[in-house]
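Subject: Handing over the structure

Hi,

Here is the structure I promised to pass on. Have a look at it first, and then read on for what turned up in it.

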Amino acid sequence: MRILLTLLVKEFKQIFRNRLMLPIIFVVPVVQMILLTYAASLEMKGISMAVVDQDYSQASRLLISRFQGSPFFEINLTTTDYQEAVRELTHDHVDVILHMQQGFEKDLYAEMGTELQLVINAINTTEAGLINSYCSRIVNDFNGQLRTEWFIPEGAEMMKTLDIIPQYWYNSLLDYKIYMFSGILVIIVTLIGMLLTALNLVREKEMGTTEQINVTPIRKYQFIMAKLIPFMIIALFELGFGLMIGKLLFGLPMVGSIGLLFLFTCIYLLVVLGIGLFLSTISNTQQQLMFIAFFFMITFILMSGVFTPAESMPMWAQKINLLNPVAYFMRVIRMILLKGSAFGDITREFYSLCLYAMLILTLAISNYRKTT
């Protein structure tokens, strides 16, 4: 124990003396939490729209006013020339074209229906889907207003409509910042636990310190624990600090048990620390490590559900995702903080990561002994 404590003191001194390591640990995460939470928005505002109104009727003006009153759209072009609007869309000056042909209102009266064209720039499919959703909502509201005001005979009893009042659980205001902040916090904890640990170990290998340690009475497990424990403590500190920033700046709800969250984080960190240790054993230089770690980090993060639900992936991808530890933590942190889940609700994820931690640490330590 005395040897381990001595090594831990040495590691913390070495970390705090490294001028490059300190900003990565303390400054970069704060900047990422604040900037990325606002930047990774799931909402769209200021959508540039071109309106092609070839009817100039009361109905067309009413529909245009609906889009003008929406906080999501900005009408930058109003014309009667459809080709002009297409050119603006082609040159990325507008995102969507609203096209109402001549006879729009006449057909609406005579046939109780008419045609309306929406042309959306779909290079970004997510953006196109949101634009289509916003447009459809406005057109449906417009359609309901017309049916109520124009097509019900005067004096006739108005048909009672069904009012739908949605109730959103766990995020009643649909604030995307709450959803995104928890995901970014997971990424930061993962980076510290996996990448910095691996870099620190490979740096020791490049400097030749590992070979010097091997000829001392220090045991392998003591050396490995001294390398892993400091970054586990730092990652837990970053989690606590991040939760405080989320509460103060974004009103992050903490419905569930914070103690349960830290307990699960400890198990999760054993997994990512083990992955970092394994990556360090198959890398001889920090440059090699960065290439290998980049592949794993990008794959883990994009498949974790931070931006899109993991349940929407193909079934084969969901099965591969069982090997993705980030997906487990991404799901659990939102369940605990936003939903207030108890231990019984996360037992599957908890025991899966316990098994994962035992396997990856066993593999990493055995491989470390063979290669050093």
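Before anything else, one term: a residue counts as buried when its relative accessible area is under 20%, and as exposed when that value is over 50%. Also keep in mind that this is a predicted model.

With that cut-off in hand, start with strand E1. Its residues Ile47, Met49, Val51 and Asp53 point one way, Ser48, Ala50 and Val52 point the other way, and all are buried. Put as a count, seven of the seven residues of E1 are buried, so the strand is mostly covered.

What sits around E1? The strand belongs to an open sheet of four strands, in the order E2-E1-E3-E4, with mixed pairing. The edges are strand E2 (73-79) and strand E4 (117-120), each of which pairs on one side only. On average, neighbouring strands of this sheet are turned by 20° against each other, if you ignore direction. As general background, strands in a sheet pair through backbone hydrogen bonds, and they can do this in a parallel or an antiparallel way.

E1 has two partners worth following on screen. E1 and E2 run parallel and are joined by six bridges. If you want a spot to look at there, Val51 has Thr78 in E2 as its bridge partner. With strand E3 (residues 96-100), strand E1 (residues 47-53) also pairs in the parallel sense, over five bridges. Here Val52 stands opposite His99 in E3.

His99 deserves a stop of its own. Is this residue of E3 buried or exposed? Its relative accessible area is 6%, which is under the 20% cut-off, so His99 is buried. Its side chain makes a polar contact of 2.8 Å with the side chain of Gln117, and another of 3.2 Å with the side chain of Gln54.

Next, two loop residues with unusual backbone angles. In general, most residues other than glycine have a negative phi. Tyr56 goes against that, with a positive phi near 50°. You will find Tyr56 in the loop between E1 and helix H3 (58-68). Its relative accessible area is 55%, over the 50% mark, so Tyr56 is exposed. Asp92 is the other one, with a positive phi near 60°. This residue is in the loop between helix H4 (82-90) and E3. Asp92 has a relative accessible area of 53%, so it counts as exposed too.

Now for the empty spaces. How many cavities of 30 Å³ or more does a search of the whole structure find? The answer is one. The largest cavity holds about 40 Å³ of space. Its lining is made up of Gln14, Ile15, Asn18, Met21, Asn200 and Arg203. Helix H1 (2-17) and helix H7 (176-207) each supply at least two residues of that lining. Sorted by class, the lining of the largest cavity has two nonpolar, three polar and one charged residues.

There is also the second largest pocket, with a volume of about 300 Å³. It is lined by 15 residues, and those nearest its centre are Ile320, Leu322, Leu323, Asn324 and Tyr356. Helix H11 (286-302) and helix H14 (347-371) each give at least two residues to the lining of this pocket. The classes here are eleven nonpolar, four polar and no charged residues.

One last residue, Thr281, is in helix H10 (residues 258-281). With a relative accessible area of 6%, Thr281 falls under the 20% cut-off and is therefore buried. Its side chain reaches the backbone oxygen of Phe278 at 2.5 Å. To get a sense of distance, try Thr281 and Phe329: they are 48 residues apart along the chain, and their C-alpha atoms are separated by 25 Å.

If you are wondering where to begin, I would go to Val52 in E1 and step across to His99, which stands opposite in E3. From there you can pick up the side-chain contacts of His99 with Gln54 and with Gln117, and then move on to the rest.

Cheers

Methods: Residues numbered from 1 in each chain as written. Predicted model: local features only at pLDDT ≥ 70, side-chain atom pairs only at ≥ 80, totals over all residues. Heavy atoms only, no water. 1 Å grid on protein atoms, 1.4 Å probe; cavity = no way out; pocket = protein on both sides within 12 Å on 5 of 7 lines; lining within 4 Å. Points joined across faces, edges and corners; volume = space filled by probe spheres on them. Nonpolar A, V, L, I, M, F, W, Y, C, P; charged D, E, K, R; others polar. Buried < 20%, exposed > 50% of the residue type's maximum accessible area, 1.4 Å probe, protein only. Polar contact = N/O pair within 3.5 Å; in protein donor to acceptor, adjacent residues only side chain to side chain. Pairing = 2+ DSSP bridges. Axes fitted to C-alpha atoms, helices over the stretch in contact; angles between N-to-C directions.
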